[in-house]
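Me: Please take a close look at the aromatic rings of this structure. I should like a connected account of how they pair and of the surroundings in which they sit.

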Amino acid sequence: MSSDTAIRVANLSKCYLIYDKPQDRLKQSIVPRLQRLIGKHPTSYFREFWALKDVSFEVKKGETVGIIGRNGAGKSTLLQLICGTLTPTYGNVEVNGRVAALLELGSGFNPEFTGRENVYMNATLLGLSREEIDERFEQIVEFADIGDFIDQPIKMYSSGMVVRLAFAVSTCLNPDILVVDEALAVGDVKFQAKCFRRFEELNKRGTTILLVTHSPEQIVRHCDWAVLIDGGAVVMRGIPKDVVNKYLDMQFGVERRKVKVLNDDEWGSDTDKPVVPKEVIGVFEQRAGYNPHEYRWGNREAEIIDFCVSCGDRTHTTDIETGLPVTVTIWVKYHENIDYPIYGLTIKTPDGVTVFGCNSRDFDEGPVFPAARRGETVRVSFALRTQNLGTGDYLISVGVAELRSGEVVPLDRRYDSIYIHVMNRSSNAFGLADLSLKVEVTAV
């Protein structure tokens, strides 16, 4: 392994033996041996479950890597193999440096010991001397923010207190590699913000971070690259935004499918043509502001075939000036009868942070559920108030789905498909939002 590599995983696999009945485990330990002695083919009383299959990748020193996947995909097994708490069935794991891990909630803590005793025990296991722990103890207690509970048994702690103390121990020891498995999910928003600031500090010092989370925004915002795991295998790895889009695709059980976009003269018979005026139907991909790097998926029982962004008296524009009325219009052609269509819109920053999102079911005056018929084209307009939006570049996602038996089924979703630039000329504020700051200074 090269000196600039922190973690190297090669053909890593983990198999568990599943027994249907307790007595099968006893049979497996005796019967096959006897069968081999008398020359018979041994009988197996178990089923194999491969939690991880032939996983390979390398992480460079100082990188922050996100691992995402559905429940049961094999993420936690992978981390436990990397940390050395599990032994692989096949393959190898190499780590270069001291590893600190937050795996299962409270793992490594003795519930009968006090918080103070657990701090010293965990730090000792990580290789620190008593003197080194003494030097950092106050910093650990301050970060955990659990007050006098530091001298109470862990069994008296709430789940949030346990994860705060565990995170404080793991990160205040300045590890070479930090592994976090969904531990932050039980923390409150303030603590999560504190944790991500610590991630940034550690990253600047050269710490390598492996982060498992179900939050796509955390992956996009904080990771250099990401790995998508499903069924124990690596499905995709690469740019966080691309990996997250594939994960969202899988979450809804709809495979992405490329569909040829038809020109106006390719629709077929006159009865198949859109019922809206011909001049407003164009090719989505030729409109001003179209992002060719969009991510499109759905079962295509309906298709979003055109869009228009208008601001004030300007149509098909990419420039938005706050204070003027803004409308995003989409045209949707239906290939099947849809009883309860839902139309949605989301605005994000280029690095994937959601600024706003809503839909025709959940908006304040909703829900609006007009049924759509096969061959019909409908126009959907989203009127937006942008007065408080900060100056900058944004991407709009639009989509149509169906509410079917209580489930939302994606028909056509076009993520990050429309680019706009917002100019807030009435404010010198910076950031994603203008909160209309007022300042008052009074002599006392």
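Reply: Phe-284 and Tyr-290 are both buried. In this predicted model, their ring centres lie 5.9 Å apart and their planes stand at 90°, so the pair is edge-to-face. The angle decides the class, because planes over 60 degrees apart count as edge-to-face.

This pair belongs to a wider set, since a search of the whole structure yields 12 aromatic pairs. Another edge-to-face pair is that of Phe-167 and Phe-199, with 5.6 Å from centre to centre and 65° between the planes. The pair of Phe-167 and Phe-199 connects distant parts of the chain: Phe-167 belongs to helix H5 (residues 159–172), Phe-199 belongs to helix H6 (residues 189–204), and the two are 32 residues apart.

The surroundings of these two rings can be stated as well. Phe-167 has a relative accessibility of 0% and therefore counts as buried. Phe-199, with a relative accessible area of 6%, is also buried, because the term applies under 20%. Phe-167 and Phe-199 are, moreover, members of a cluster that ring pairs build together with Phe-143 and Phe-196.

Aromatic rings also meet charged side chains here. The charged end of Lys-14 sits over the ring of Tyr-16, at 5.4 Å from the ring centre. Likewise, Lys-348 lies over the face of Tyr-415, with 5.4 Å to the centre of that ring.

Note on methods. Residues are numbered from 1 along each chain as its sequence is written. This is a predicted model: local features need pLDDT of at least 70, side-chain atom pairs count only at pLDDT 80 or more; totals for chains, interfaces and linings use all residues. Side-chain values use heavy atoms; hydrogens and water are left out. Rings of Phe, Tyr and Trp (its six-membered ring) pair if their centres lie within 6.5 Å; planes under 30 degrees apart count as stacked, over 60 as edge-to-face and the rest as tilted. Helices (H or I, at least four residues) and strands (E, at least two) are DSSP runs, numbered from the N terminus. Buried means under 20% relative accessible area, exposed over 50%, partly exposed in between (1.4 Å probe, protein chains only). A charge sits over a ring if NZ of Lys or CZ of Arg is within 6 Å of the ring centre and within 35 degrees of the ring normal.
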